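Walk through this model one level at a time. Start with a local strand pairing, then move out to sheets, domains and chains.

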Amino acid sequence: MRAAAAALTLPPYEVHFMIVLRNFLQAFVLLLGMASAALAGPYEEALLKFTNDSYADTDAAIAAVAVSGNPLAVDVVEALRDGRLLVGLEHVFVRRTSGDLINAATGQTWGNPTGELKSVRVNNRVRRAIEAALGSLTLLSPDAARRLEAARAVFRSRDEAALPALEKAIAQEGHVPVRNALETARAAILLSKQDALHTQKLAAVETLRDRGDQEALALLSNLPSHAPLEVMSAAGKAAEGIRARLAFWQAFQNVWYGISLGSVLLLAAIGLAITFGTMGVINMAHGEMVMLGAYTTFMVQEVIRSYFPGLFGASLLIALPLAFLVAGSVGVLIERAVIRFLYGRPLETLLATWGISLILQQGVRTIFGPTNREVGTPAWMSGALDIGAMSLTYNRIAIVLFAFSVFAILLLVLRYTSLGLYVRAVTQNRRMAGSMGIRTSRIDALAFGLGSGVAGIAGVALSQIDNVSPNLGQSYIIDSFMVVVFGGVGNLWGTLVGAMTLGIANKMLEPHAGAVLGKIALLIAIIVFIQRRPRGLFALKGRAVEA
Amino acid sequence: MALAAAALVSSATAQAAQAEETIKVGVLHSLSGTMAISETTLKDVMLMLVEEQNKKGGLLGKKLEAVVVDPASNWPLFAEKARELVSQHKVSAVFGAWTSVSRKSVLPVFKELNSILFYPVQYEGEESERNVFYTGAAPNQQAIPAVDYLAKEEKVERWVLAGTDYVYPRTTNKILEAYLKSNGVKAEDIMISYTPFGHSDWQTIVADIKKFGSSGKKTAVVSTINGDANVPFYKELANQGVKATDIPVVAFSVGEEELAGIDTKPLVGHLAAWNYFQSVDTPENKAFIEKWRAYTKNPKRVSNDPMEAHVIGFNMWVKAVEKAGTTDPDKVIDAIVGIKVPNLTGGVSEMLPNHHITKPVLIGEIKEDGQFDTVWQTDDLVAGDAWSKHLDGSKDLVADWQTLKCGNYNTVTKKCGS
């Protein structure tokens, strides 16, 4: 690495000289060592460069291997990408995914090598070279997904050398999406190629205009200076069209970001809507219930990783009921041990629950340590879905759907179950409900447990987008109160509308005002709103309010 | 009753006698609250260093004793606890603070009581105090070389400066902006974005970065995002498919400890600039990691840059005390300038007259296992600048506590105090 750093600062001819000298020496040693060595072709020479432990040499080696036409080229480049290309003993080896070791020069299996093998190091520059090389090497792969990947790689690298392979691939491609990707890749190359025909370039502009995304726009608005006037003006018009289209989609994209932020707020606040909204308890430890849910997810994943790795995709589903139980029982415990003695004394409740939140935080910090814990994302929640010029990430889609289902279930529970009936009765008139034979203290405990449990399952979802640390809850408590107060205390629909309004308003403001100012503007708007309507968006009416 | 009183008195005198025999070292790191995530480790390092020094026979024939207090991530409490350490516990030196706010909060205390603080974290510079020794990186030992690396190796032409909204990112970005512009980068090729502490919804900003980066020019993100906000930021990058090969992110506040909470597979290739990586392959580092893991009884415990800074700072202080023959702050402050101790990356760091130290600069790429692979490093150690050469207000200032006895001497007006 030191050598690499030193080589970078040398003038190019010296570096070149060093490389030549080194290659020569290595080739010499190789020839001495192997009497039966085949004549070194360009492929073998390129392979030797991998042994130099220099990023520049590795980069050059990849390009040379890719154009060598050797049947092992794809294996070598893929092995390099995955850290399976090993050097040592004056040879380059590929470790197959099966564990077998083969000599990269001859393709023969190699027994157990004595001595140390090191994998060839890669950095971003090398990774880009690998991607470009694999692109041109796998254009004709029998696997459609790989061909698509290859076409995209060529589109990004715009490597003119890939053009003949690209033409061949287009001619025999039957799969429409792959064919489109191949054609855009060809268009990208032709547009910047100096000696391409006018008509070819104009057709390329057309293809890119149809593609219509940010990358196409970048290509069209950065034409090389040698482009003919006619092509320039066509590209300018196409770029204009794409800009208009992107601006149109931008609005939808912002709304989506708003909905997705809103659903996170909804998840965090919905448990509070029960404990604060219907029971009137200012529960400052609400955020810590979310944190407990997130740590439950972590524990579930730890167990699954160690004992049932096959179940990892379902880890979040398994964590949901457990998080509900853990956070819910802690909630019942808090209610029975502390809060029930403090009903009707909001200030004391606030201080007591604040204290509980600190105890829970420090407890988790002592048990799990102060550092973040890693919660993995199952494969089905990774990646993004492209609709028009919008990109929706799967984890956000999952969270939005999840938030709405939690909301719906909670609404049904409160509306149609006997527990829900009792909770509403106790909330509306505690003494009357008591006179009708409802055990109000038991209902209080259950309702608090329900609210806390819902906070726990919110923690499962939030573990996917935020850090799982003892501070997780703190960052959501203010937002949660804001949503519940804004939406109207004691009304689940208010919480839904409040969360969505705040989320969307925040995301509409952010591109213009920036994250910091946007948040300040939103807080001011809420303060003004609460002054005009102290009971929030959806105020409860009737005698319950006065009680 | 009389017996009990006598026993009390004797135990009190015994304690006093014992107190006279030890040299006390203050440890001022948050063990609770938001910063506990980063600072708890540094407390452990200090305890290990003190224990180790005692095994070697202590200092000046006396045993060292660590006094640990918890300022609980609360900035005013830092000042109170610092005062408690110096005036009540009579510590000879304090090792502590992490955020710039906490450092600024304790500065007046150390000046007033004339004690010594070793500050181990990379910071924004623009400061040099007689009572403080800065063992972390100044901007010219981290930010500027990182930008140089990206411009040279990755051919970056467009820059996103993203940071948390407080003093360190704001000052660092001001310096970087001035530096980039002086190197011919146009204003439209620089995007600056600040976010609140603990920002967790990065959708819009990552989408903006993607948009900014798809103009055809190579783009990189220089991140001074602090603490917990990093995890959701990197998760969003991964989800929106921003790869290091397209838009690399170089971070100044993300180390091994922070990566421990993220699935690093989608982050492979993103960069960090530090003066130390756990993966650095030197005998000194190997020995340190072994000792550290044995001390914490955790075979997987990671090490990071501020830990190394404490190791260097502590060893420098020990040498300075030995040289001065006393723990008297004035004598130690005079003795420590010019002291050289080996760092963990194979070089020898020196305390400079401006109370900063010399360090190598390393650029590392994130690997799949959450460690860094050093892809570039400076040939020599870089001397820390207290005052940036790239800012108008500070380029004429120098700090020199040896000959000039001044932390902000203006070379143009020839006056101390800018």
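How many bridges join strand β18 of chain B to β19(B)? Two bridges join them, and the strands run antiparallel. Strand β18 covers residues 406-410 of chain B. One bridge partner pair is B:Tyr409 with B:Cys416 in β19(B). Strands pair here if DSSP finds at least two bridges between them. Strands (E, at least two residues) and helices (H or I, at least four residues) are DSSP runs, numbered from the N terminus.

A word on conventions. This is a predicted model, in which local features need pLDDT of at least 70, side-chain atom pairs count only at pLDDT 80 or more, and totals for chains, interfaces and linings use all residues. Residues are numbered from 1 along each chain as its sequence is written, while chains are lettered from A and ligands numbered from 1 in the order in which they are written.

Stay with β18(B). It belongs to an open sheet of three strands in chain B, ordered β17-β18-β19, with antiparallel pairing. The edge strands are β17 (397-400) and β19 (415-416) of chain B. Each of these edge strands pairs on one side only.

Now go to the start of chain B. Strand β1 spans residues 22-28 of chain B, and six of its seven residues are buried. Buried means that 20 or more other C-beta atoms, placed from the backbone, lie within 10 Å of the residue's own. β1(B) pairs in the parallel sense with strand β2 (residues 63-69) of chain B over seven bridges. There, B:Gly26 has B:Val67 in β2(B) as a bridge partner. β1(B) also pairs in the parallel sense with strand β3 (residues 93-96) of chain B, over four bridges. B:Val25 has its bridge partner B:Ala93 in β3(B).

Helix α2 (residues 36-55) of chain B joins β1(B) and β2(B) in a right-handed β-α-β unit. Right-handed means that, with the strands pointing away from the viewer, the path from the first strand over the helix to the second runs clockwise.

Next, the domains. The assignment (automatic or from a database) gives chain B domain 1 (20-138 + 282-359) and domain 2 (140-280 + 364-383). Their centres, taken over C-alpha atoms, are separated by 28 Å. In all, 27 residues of domain 1 of chain B are in contact with 21 residues of domain 2 of chain B. Contact means C-beta atoms, placed from the backbone, within 7 Å. On the domain 1 side of chain B, α2(B) gives the most, with three residues.

α2(B) turns up again at the chain interface. Here 47 residues of chain B are in contact with 46 residues of chain A. On the chain B side, α2, β7 (190-195), α7 (203-213), α8 (230-239) and β15 (372-377) each supply at least two residues.

That leaves chain A. It has 22 helices and seven strands. Its C-alpha trace spans about 100 × 65 × 45 Å along the principal axes. The radius of gyration, over C-alpha atoms, is 32 Å, whereas a compact globule of 547 residues would have one near 24 Å. That rule is 2.2 Å times the number of residues to the power 0.38. Buried residues make up 44% of the 547 residues in chain A. Of the chain A contacts with a separation of 6 or more, 69% come from residues 24 or more positions apart.

How values were computed
Buried ≥ 20, exposed ≤ 12 C-beta atoms within 10 Å, placed from the backbone. Contact = placed C-beta atoms within 7 Å.
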